[in-house]
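Visitor: I'm new to this one, and I'd rather see a part properly than rush past everything. Please take me in for a close look, side chains first and then the strands.

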Amino acid sequence: MLKTRCGNRSILIRAVPGWAAILCLVTLVGCSTEFWKTAQAAEASGDTSDVDSVTTDGVNAAGPQMVDAGSTQTERSAGSGEATDGEASSAKTDAAASPGSGKLAASPAGSARQDSSGTKTSGAGGSVETHLETLRTSLSRTTDYRKVRTKKVAGKYATEAALQIDRGLAAVTEILGRSDASLEARREAWKGRLTLLCRGEQLKLPGFPERLDAAVVEAASLPEFQAEAEYGSGLLLINRDFKSGKLQETLEHLQAHARTFPNGESTARLFVTYARDCGERGNFNAGILCCKLALWQLNSHPDVGAVRNLLENLEAGRTIDPSQDKVQQMLEKEVVTLRQSLPIRIDKVTTCTSITTTWHAVTYSFRLSTSADLVKANRDKLKTTVTNMARSTYQTQQLLENGIALHYVYADSDGRELLRFTVTK
């Protein structure tokens, strides 16, 4: 057995004769567990389940707020098969405490009436502030609709959420119908309506997509509610187009949004969000195209600098500056530690000579003092075995889960490359 170091961890590598020894080399690539704990904690420290802004490189304006439309830490519901949507409640909504046990409350008994969206409302009367509190409570109690649930629990939640959404929409109708409601109250009511309709669509409640479309069109026709109309338009882009996989259609809708709201606070950020998403999926060309369209459409927008910055990164094959990526910083730190142990003799024919890092990738170079013919004859077996081991060994599995690519390069004693392959998640 040979003993070497990986970060702060000792790794034992079994020395076996001949070609099989090379298959053990995967154990060298696992960086320390402490690294991943630290990196994940650093990333989590800046993440929230509901945020009220779309964050981009160098941009974090207030503006119409949308969840998940910014940093690469987009919130995803693990195992649910359903991506998160891009909406969030207003600051006042997020601050509202959920009374009692937090269970959804059914609509109170009262006289029924119909709002402009077709929702039966109840509990007419009361002050504007009372209706605002009802709206905020409805928003607060439906915030966790993205939570992963069993089929039975999800069905029950959807039923209760539908009642809560109707209750909030009824409060909106009351507020907008009141002559004593201030502009601020009516703007909050409009944003609440769009948010609740979006949540209803995400819960697949009947008729909600059409009602959301109609509400966005109505808001856009009212000069005093242009910020809310921009918010609603952004919800449609994030929750429908960004998830559709239809590049051309999505780019067309982004440009239409930009023409409608040329100086909107979310306009440039939506382009950046979609371009970054394309890059994170490996489609850098689509992301580059999106950025170039944004520069053409928004050349005088105050946030256009974020577009230029992302375009530069995408053209370099990354989605964010290395100086701003916590995982990349930690990875580079670990690789520096590993290099101190080089060269690492694995057995009588195999030596690890180099470990380097690039953007979310580590390259391991090995020198073999064996015949090139033997390597070539076993290249497929080597690639398959190392790939399987990398995906099942804890340390390398953690690297892959965090989007790190593992590059393996094998050369003969004269430095001539014999085999190169990459392992990804």
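Guide: Let's start with a term: a salt bridge here is a side-chain nitrogen of Lys or Arg within 4 Å of a carboxyl oxygen of Asp or Glu. What you're seeing is a predicted model, where local features need pLDDT of at least 70, side-chain atom pairs count only at pLDDT 80 or more, and totals for chains, interfaces and linings use all residues. Residues are numbered from 1 along each chain as its sequence is written, and side-chain values use heavy atoms, with hydrogens and water left out.

By that rule there are 12 salt bridges. One of them joins arginine 136 to glutamate 133, with 2.5 Å between the closest N and O atoms. Both sit in helix 3 (residues 128–141), three residues apart, or about one turn of the helix. Helices (H or I, at least four residues) and strands (E, at least two) are DSSP runs, numbered from the N terminus.

How covered are these two? Buried means under 20% relative accessible area, exposed means over 50%, and partly exposed is in between, using a 1.4 Å probe and protein chains only. Arginine 136 is buried, at 7% relative accessibility, while glutamate 133 is partly exposed at 37%.

Elsewhere, aspartate 180 bridges to arginine 178, closest N and O atoms 3.2 Å apart; arginine 178 is partly exposed at 24%. Arginine 420 does likewise with glutamate 417, at 2.9 Å. Here arginine 420 is partly exposed at 49%, and glutamate 417 is partly exposed too, at 46%. Going back to helix 3's pair, shared partners tie Glu129, Glu133, Arg136 and Glu188 into one salt-bridge network.

Now for the rings. Rings of Phe, Tyr and Trp (its six-membered ring) pair if their centres lie within 6.5 Å; planes under 30 degrees apart are stacked, over 60 edge-to-face, and the rest tilted. The structure has six such aromatic pairs. Among them is tryptophan 190 with phenylalanine 225, a tilted pair with centres 6.0 Å apart and 45° between the planes. This pair links distant parts of the chain, 35 residues apart: tryptophan 190 belongs to helix 5 (residues 183–202), and phenylalanine 225 to the loop between helix 6 (208–220) and helix 7 (226–244). Both residues are buried.

Another tilted pair is phenylalanine 242 with tyrosine 274, whose ring centres are 5.0 Å apart with planes at 35°. It also links distant parts of the chain, from helix 7 to helix 9 (residues 267–280), 32 residues apart. Again, phenylalanine 242 and tyrosine 274 are both buried.

Some rings have a charge for company. A charge sits over a ring if NZ of Lys or CZ of Arg is within 6 Å of the ring centre and within 35 degrees of the ring normal. Arginine 149 lies over the face of tyrosine 157, 3.7 Å from the ring centre, and arginine 211 lies over phenylalanine 208, at 4.5 Å.

On to the strands. Two strands pair if DSSP finds at least two bridges between them. Five of them make an open sheet with mixed pairing, in the order 5-6-7-8-9. Strand 5 (344–347) and strand 9 (417–423) are the edges: each has a single partner strand, so one side of each has no neighbour in the sheet. On average, neighbouring strands are turned by 25° against each other, direction ignored.

Strand 5 pairs antiparallel with strand 6 (residues 350–358) over three bridges, and aspartate 347 has threonine 350 of strand 6 as its bridge partner. Helix 14 (residues 379–392) packs on the sheet, touching strand 8 (405–412) and strand 9, with its direction about 35° from that of strand 9. Touching, or contact, means heavy atoms within 4.5 Å; axes are lines fitted to C-alpha atoms, for helices over the stretch in contact, and angles run from 0 to 180 degrees between N-to-C directions.

Strand 8 is mostly covered, with seven of its eight residues buried. Strand 7 (residues 361–368) runs parallel to strand 8 over eight bridges, one pairing tyrosine 364 with tyrosine 408 of strand 8. Those two tyrosines turn up again in a cluster of ring pairs with Phe366, Tyr410 and Phe421. On to strand 9: six bridges join it to strand 8, running antiparallel, and tyrosine 410 stands opposite leucine 419. In the hairpin of strands 8 and 9, with four residues between the strands, glycine 415 takes a positive phi near 90°.
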